[in-house]
Amino acid sequence: ELVRRAAVLHLFHESCLLFDDLFDRSRKRRGRRTAHCIFGQVPTICAAVWAKDVGYSIYGDNPEVIDSLHRCTFDLIDAEAFQWVARKTKRPTKISDWERIAGGSTGALFRLAASLGGLRSHQHIIETIAICYHGIDDLHDLLNIEGLGGGGGDDLRDNIPTLASCFTAGNSKDDLQRAVPESVTYLRERLSLPLSAQQSVFKPFIEEMHSLLSIVPLQQVSA
């Protein structure tokens, strides 16, 4: 049952990545050509829908799992639509707007994982881990750090609100890189939450976030 739930989560995530690459017109993901560039848009959409619906077909008689899958889909759609609008707004980005995007996209999948794993009751920690993971990914992409497969320049090209854009009114890569120290401070403060004995299961995730954050240089990196 554990493997089955993990497989459903994995396929749901793969579906999101396929759609995300289509929405962003990405040519590469983690250094490899994206599916729609290899197979075309229609086969990729079909594969994405199939992967997402596997969970519904397996757990059609389990209301709790179906509810979690529905909630994940709704949150992802909200974040994607809100991000599309936020791309047109002036900088700096409101931190609350960025948190809505991060908590809706990355957060949706983390909440789904927690729900499928029986950890739904620890919402505050799950939200923190998801938002910080999203923020660190923003910085790794901006600085082309390989820790989370950073690079590609899609966020900058598409004017997507990132954590660094919350701390600068500029839009250039240099402007965003100068906002890295403030971004790191924000993330470190979010990660400094105390954990109870019941929450020790999340300690490895917090430690991983600190490790990924430690390789972000605080000085400006030349474009």
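Confidence in this predicted model varies along the protein chain: helix α7 (residues 154-157) has the lowest, with a mean of 78, while helix α2 (residues 35-39) has the highest, at 96. Averaged over the protein chain, pLDDT comes to 90, and 96% of the residues score at least 70.

**Two helices to look at**

Start with helix α1, which covers residues 2-24. Its 23 residues should span 33 Å at 1.5 Å a residue, and the end C-alpha atoms are indeed 33 Å apart, so the two values agree. Which residues of α1 are buried? They are Arg-5, Val-8, Phe-12, Ser-15, Cys-16, Leu-17, Leu-18, Asp-21, Leu-22 and Asp-24. The cover over these buried residues includes β1 (28-29), α2, α3 (41-58), α4, α5 and α7. Just after α1 comes Arg-25, with a positive phi of about 55°.

Now turn to α5. This helix has 22 residues and reaches 29 Å from its first C-alpha to its last, close to the 32 Å expected at 1.5 Å a residue. Where does α5 bend? The bend is at Gly-107, and it amounts to about 50°. After α5 you meet Gly-118, whose phi is positive, near 75°.

**The nonpolar cores**

The largest nonpolar core holds 31 residues, and the members that touch the most others are Trp-98, Ile-136, Leu-139, Val-180, Leu-187, Leu-213 and Val-216. Helices α5 (95-116), α6 (123-143), α9 (180-191) and α10 (203-214) each put in at least two residues of this core. The largest share, nine residues, is from α6.

Try clicking on Leu-187. Leaving aside residues up to four places away in sequence, Leu-187 touches Cys-132, Gly-135, Ile-136, Leu-139, Leu-163 and Leu-213. Apart from the largest core lies another one, made of 14 residues, including Phe-12, Ile-66, Leu-69 and Leu-76.

**Salt bridges around α4**

Side chains of opposite charge can pair when their charged atoms come close. How many salt bridges are there here? The count comes to 12. Three of the pairs are set out below.

| Pair | N to O distance |
|---|---|
| Asp-67 and Arg-71 | 2.8 Å |
| Arg-120 and Asp-67 | 3.9 Å |
| Asp-75 and Arg-111 | 2.9 Å |

Asp-67 turns up in a salt bridge with Arg-71 and in another with Arg-120. Asp-67 and Arg-71 sit four residues apart in helix α4, so about one helical turn separates them. Here's the general idea: an α-helix has 3.6 residues a turn, so residues three or four places apart point the same way.

The pair of Arg-120 and Asp-67 is another story. Arg-120 is in the loop between α5 and α6, whereas Asp-67 is in helix α4, so this pair ties together parts that are 53 residues apart in sequence. Asp-67 counts as partly exposed because its relative accessibility is 28%, and Arg-120 is also partly exposed, at 35%.

As for Asp-75 and Arg-111, Asp-75 belongs to helix α4 and Arg-111 to helix α5, so their salt bridge ties together parts that are 36 residues apart in sequence. Is each partner buried or partly exposed? Asp-75 has 27% relative accessibility and counts as partly exposed, while Arg-111 has 17% and counts as buried. Elsewhere, Asp-20, Asp-21 and Arg-29 are linked in a network of salt bridges.

One more residue of α4 (residues 63-86) is worth a look: Ser-68. Its relative accessibility is 6%, so Ser-68 counts as buried. Not counting residues up to four places away in sequence, Ser-68 touches Leu-112, Ser-115 and Arg-120.

**Unusual backbone spots**

Most residues other than glycine have a negative phi, and most peptide bonds are trans. With that in mind, check the loops. Arg-91 and Pro-92 are joined by a cis peptide bond, with omega about 5°, and Pro-92 lies in the loop between α4 and α5.

Asn-144, in the loop between α6 and α7, has a positive phi near 60°. Asn-144 is exposed, with a relative accessible area of 52%. Asn-159 has a positive phi too, near 55°, and is found in the loop between α7 and α8 (173-178). Asn-159 is partly exposed, with a relative accessible area of 25%.

Technical notes. Residues are numbered from 1 along each chain as its sequence is written. This is a predicted model: local features need pLDDT of at least 70, side-chain atom pairs count only at pLDDT 80 or more; totals for chains, interfaces and linings use all residues. Side-chain values use heavy atoms; hydrogens and water are left out. A nonpolar core is a set of buried Ala, Val, Leu, Ile, Met, Phe, Trp, Tyr and Cys residues joined through side-chain atoms within 4.5 Å. Buried means under 20% relative accessible area, exposed over 50%, partly exposed in between (1.4 Å probe, protein chains only). Contact means heavy atoms within 4.5 Å. A salt bridge is a side-chain nitrogen of Lys or Arg within 4 Å of a carboxyl oxygen of Asp or Glu. pLDDT is the predictor's confidence in each residue, from 0 to 100. The expected span of a helix is 1.5 Å times one less than its number of residues. The bend at a residue is the angle between axes fitted to the seven residues ending there and the seven starting there.
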